[in-house]
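The following exercises are to be worked through with the sequence and the model in view. Each task is followed by a solution in steps.

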Amino acid sequence: MKTPSDVATRSWRIARAPGRLPLVGHAPRLARRPLEFLAALPAAGDLVELRLGTRPTYLPCHPELVQQVLLNARVYDTGGPVKDKARPILGNGLITSDWADHRRQRRMVQPAFHAARIATYAEVMREECAAHAESWRAGRPVDVGDAMQALTARVTARALFSTEMAPHSVAEIQRSLPVMVRGAFRRAMDPTGLLAKLPLAANREFDAALARLHALIDTIVGDYRRSGGDRGDLLSALLAARDEEDGGAMTDREVHDQVMTLLLAGVETTASALTWAWHLLAANPEAEARLHAEVDEVLGGRIPGHADVPGLVQTQRIFTETLRLYPPAWMYTRTTTEPTELAGHRLAAGSDLLISPYVIHRIPSLFPRPEVFDPDRWLPERAKDVARGSYLPFGAGSRKCIGDVFGMTEATLALATIASRWRLRPVPGTTVSPRAGMSLTTGPLPMVPEPR
Ligand code: HEM
């Protein structure tokens with residue numbers, strides 16, 4: 001990656017977003033058409049100020065400024081209204097914990113994602129991808145979004161819990177997690193906080209799904225504590241973790257919150273990106289043909305496993321480019337813990353920042369012809385020209401996605417396994433436009449599997 005050389009000397013462009021309304025500020029525009037609204041702002045400035053209600057909120061539109069925010073987690077901590085609403089749902093896990101606690105938590109959770117353990121989880125991925133590819137019937141349409149969501153829910157649940165309860169827990173997670181994710185997003189986006197209190201069917205469903213997930217996790221954590229031992233899964237690694245500073249283990253509550261966090265963070269993100277990948281491949285026959293050529297050559301009809309991942313370079317470039325165009329975590333937030341300066345502009349303590357990979361990934365000076373799906377951008381000789389801090393699907397700094405390798409491995413195996421056997425054709429008349437929810441999704445995407 002290239003380091004911008006003009007940083008020290010550059011004079012930053014500070015701008016105010018157009019179209020601010022009294023009292024509500026830009027909140028209605030952000031709620032109505034978030035992607036269009038935000039993606040237009042880099043043309044206005046390197047740091048753009050908006051108001052959500054009366055709160056000053058900033059969108060850094062230059063990779064160097066994004067780096068300054070993400071690499072200084074003490075000053076630019078998680079927080080703000082979105083995280084406040086997530087805490088009652090997720091408890092105090094990696095996503096919601098503040099800076100000081102996050103450091104300890106991250107040290108404790110990291111071993112669960114070491115390379116040797118990913119190799120074990122990859123065995124689950126391999127089985128589930130193969131079973132999925134097996135379950136489709138030629139000519140019978142599948143909703144690709146639902147299929148990818150089911151796949152990643154099963155993979156994550158089985159990687160977490162390799163217990164005898166696996167079939168029951170996998171089914172419960174498949175049932176309850178989407179309801180929980182939808183409800184959590186609705187709440188996060190409601191500036192009044194009133195929506196959650198209304199006697200609506202959606203709220204009752206959300207409360208019930210959340211209660212079922214909490215009960216399931218409690219039961220499994222209890223079982224593991226009683227039986228002890230390392231089953232090679234994520235939960236065993238969380239229970240075995242010891243803090244290198246004080247030797248302490250996580251409490252049941254802490255383990256519970258991490259499990260809930262991993263479910264929320266790991267399932268829909270990977271599923272949304274995989275769904276986009278199938279859509280993009282169908283629309284780009286050349287990239288699809290190269291994918292088919294690679295899987296035929298590298299696998300020769302075998303079902304891929306962990307050892308095949310490094311050789312599936314074209315498959316990985318396709319997924320990397322998909323994450324550029326449609327990053328599932330299209331926006332995340334930070335809040336300043338003290339007064340600070342960004343781009344020479346004074347930010348008060350308690351200022352909110354929006355970090356949007358979607359916005360940064362579509363700036364033409366960073367990615368020429370940004371709308372074009374071009375996996376070759378990621379050929380080594382071209383990737384070196386991508387400016388540092390401009391490719392952010394997994395974030396950066398101490399809060400960078402802990403599941404990045406897990407997600408990349410899972411997606412590579414899913415694409416390769418399914419593409420070895422099937423070509424997915426769009427159902428005529430289907431139109432796709434990005435939906436910015438908890439993840440960036442395609443909406444309903446029926447496609448027809450054709451045998452290859
Ligand atoms: C393509 C798939 C994925 C994408 C695009 C993605 C994206 C992200 C991003 C952008 C962040 C940072 C958010 C921030 O800075 O506020 C993040 C954090 C996180 N992700 Fe992922 N993620 C993916 C897959 C996964 C998977 C598979 C897991 C777990 C199995 C996971 C678990 C987490 C956790 C626990 C965090 C919080 C990390 C921390 O704060 O220390 N993610 N993810």
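The expected span of a helix is 1.5 Å times one less than its number of residues. The model examined here is predicted.

**Exercise 1.** Determine whether the span of helix H16 (residues 404–421) agrees or disagrees with the expected value.

*Solution.* Helix H16 holds 18 residues, and at 1.5 Å a residue these should span 26 Å. The end C-alpha atoms of H16 are 26 Å apart, so the two values agree. As to its surroundings, H16 is mostly covered, with 15 of its 18 residues buried.

**Exercise 2.** Identify the protein donor of the iron atom of the ligand, and state its place in the chain.

*Solution.* The only protein donor is the SG atom of Cys401, at 2.3 Å from the iron. Cys401 lies in the loop between helix H15 (380–383) and H16. With 30% relative accessibility, Cys401 counts as partly exposed.

**Exercise 3.** Explain why Cys129 forms no disulfide.

*Solution.* A disulfide requires two cysteine sulfur atoms within 2.5 Å. The cysteine sulfur closest to that of Cys129 belongs to Cys401 and is 18 Å away, which is too far for a bond. Cys129 itself is buried, at 0% relative accessibility. Across the whole structure, the search finds zero disulfides.

**Exercise 4.** Describe how helix H12 (residues 285–299) packs with helix H13 (residues 313–325).

*Solution.* The axes of H12 and H13 are 8 Å apart, at an angle of about 145°. From H12, Ala287, Arg290, Leu291, Glu294 and Val295 take part in the contact; from H13, Val313, Gln314, Thr315 and Ile318 do so. By class, this contact has five nonpolar, two polar and two charged residues.

Key:
Residues are numbered from 1 along each chain as its sequence is written. This is a predicted model: local features need pLDDT of at least 70, side-chain atom pairs count only at pLDDT 80 or more; totals for chains, interfaces and linings use all residues. Side-chain values use heavy atoms; hydrogens and water are left out. Buried means under 20% relative accessible area, exposed over 50%, partly exposed in between (1.4 Å probe, protein chains only). Helices (H or I, at least four residues) and strands (E, at least two) are DSSP runs, numbered from the N terminus. Axes are lines fitted to C-alpha atoms, for helices over the stretch in contact, and angles run from 0 to 180 degrees between N-to-C directions. Contact means heavy atoms within 4.5 Å. Ala, Val, Leu, Ile, Met, Phe, Trp, Tyr, Cys and Pro count as nonpolar, Asp, Glu, Lys and Arg as charged, and the others, Gly among them, as polar. Donors are N, O and S atoms within 2.8 Å of the metal (3.2 Å for Na, K and Ca); water is not among the atoms, so sites may look incomplete.
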